[in-house]
Amino acid sequence: MQEKHIYHRDELPDAFRWQAVSFMRAAWPSIFTGPLRLLKHTYPSDIGTAHFTISEEEVLLSYASVMRLSLTHAGEEHVVYGLGNVFTSPPYRGEGHGRQVVEMATRFLQDSDADVAALFCNPSLERFYAGCGWEAPPGAITRIGTPERHSEYKELRMMLFLSEKGRRARAAFAREPLYVAWPW
């Protein structure tokens, strides 16, 4: 029987953590370089991670995670949650699991203290995430680094504008570059 579950911080069972990290190694090898070469967790536990799983008999079918951080954008501090590491293992694709974990994460974000939530994806996935309520601010630019030293990040940024403060900042998130330390 399939089970859906939300785990907070370090509650993710080791069997699921290893399956998630193994998938990440195969799908996104560029993450595993330098000091992250032997990464053993999807995100550091000290950043308020939540994990969303669909499993069957200890087999992780689909997974997503969110992390909490504060970001300054256009001179204003925002509570931001980043959605990342979204995947469905290849044998279980086409069964709706990816949509289900994204919907679980989206509901979690809607009930959180976040001003905004953001994810980065290939532009070909825009329709998938839009179907779960996410939007791509038109013309949005994301940069890795600081205003003084950065590189352009070409993946599509999609967002949820959750609090009143976040909704008021919608135009600024489209107009002003977003600077992040790393793309989650």
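Strand 2 and strand 3 run antiparallel and are joined by seven bridges. This pairing belongs to a predicted model, in which six strands form an open sheet of mixed pairing, ordered 1-2-3-4-5-8. Two helices that contact the sheet, helix 1 and helix 2, are described below, together with the largest pocket, whose space amounts to about 960 Å³.

**Sheet architecture**

- The order of the open sheet is 1-2-3-4-5-8; strand 1 (2-8) and strand 8 (156-161) occupy its edges, and because each has a single partner strand, one side of each is left without a neighbour in the sheet.
- From one strand to the next, the twist averages 20°.
- Strand 1 pairs with strand 2 (residues 50-56) in an antiparallel arrangement through seven bridges.
- Within this pairing, His8 has Ala50 of strand 2 as its bridge partner, and Ile6 has Phe52 of strand 2.
- On the side of strand 3, Phe52 has Ala64 as its bridge partner.
- A hairpin is formed by strand 2 and strand 3, with two residues between them; in the turn, Glu57 has a positive phi of about 50°.

**Helices on the sheet**

- Helix 1 (residues 14-27) packs on the sheet and touches strand 1, strand 2, strand 3 (59-73) and strand 4 (76-88).
- The direction of helix 1 makes about 75° with that of strand 3.
- Helix 2 (residues 97-110) lies across strand 1, strand 2, strand 3, strand 4, strand 5 (116-121) and strand 8.
- Relative to strand 2, helix 2 runs at about 150°.

**Burial of strand 2 and its surroundings**

- Strand 2 is largely enclosed by the rest of the structure, because six of its seven residues are buried.
- Thr49 is located in the loop between helix 1 and strand 2. With a relative accessible area of 3%, which is under the 20% limit, Thr49 counts as buried.
- Not counting residues up to four places away in sequence, Thr49 touches Tyr7, His8, Arg9, Tyr43, Pro44, Ser65, Val66 and Met67.
- Val66 is part of strand 3 and is buried, its relative accessible area being 0%.
- With residues up to four places away in sequence left out, the contacts of Val66 are Gly48, Thr49, Ala50, Phe52, Tyr81, Gly82, Leu83, Ala105, Phe108 and Leu109.
- Val66 and Arg37 are 29 residues apart along the chain, and their C-alpha atoms are separated by 22 Å.

**The largest pocket**

- The largest pocket holds about 960 Å³ of space, and 38 residues line it.
- Among these lining residues, Trp28, Gly84, Asn85, Val86 and Phe120 are the closest to the centre of the pocket.
- Helix 1, strand 4, helix 2, strand 5 and helix 3 (126-130) are the elements that each give two or more residues to the lining.
- The greatest contribution to the lining comes from strand 4, with six residues.
- By residue class, the lining divides into 22 nonpolar, 12 polar and four charged residues.

Conventions: Residues are numbered from 1 along each chain as its sequence is written. This is a predicted model: local features need pLDDT of at least 70, side-chain atom pairs count only at pLDDT 80 or more; totals for chains, interfaces and linings use all residues. Side-chain values use heavy atoms; hydrogens and water are left out. Two strands pair if DSSP finds at least two bridges between them. Helices (H or I, at least four residues) and strands (E, at least two) are DSSP runs, numbered from the N terminus. Axes are lines fitted to C-alpha atoms, for helices over the stretch in contact, and angles run from 0 to 180 degrees between N-to-C directions. Contact means heavy atoms within 4.5 Å. On a 1 Å grid over the protein atoms alone, a cavity is a set of points where a 1.4 Å probe fits but cannot get out, and a pocket is an open set with protein on both sides within 12 Å along at least five of seven lines; lining residues have an atom within 4 Å of a point. Grid points are joined across faces, edges and corners, and a volume is the space filled by probe spheres set on the points. Ala, Val, Leu, Ile, Met, Phe, Trp, Tyr, Cys and Pro count as nonpolar, Asp, Glu, Lys and Arg as charged, and the others, Gly among them, as polar. Buried means under 20% relative accessible area, exposed over 50%, partly exposed in between (1.4 Å probe, protein chains only).
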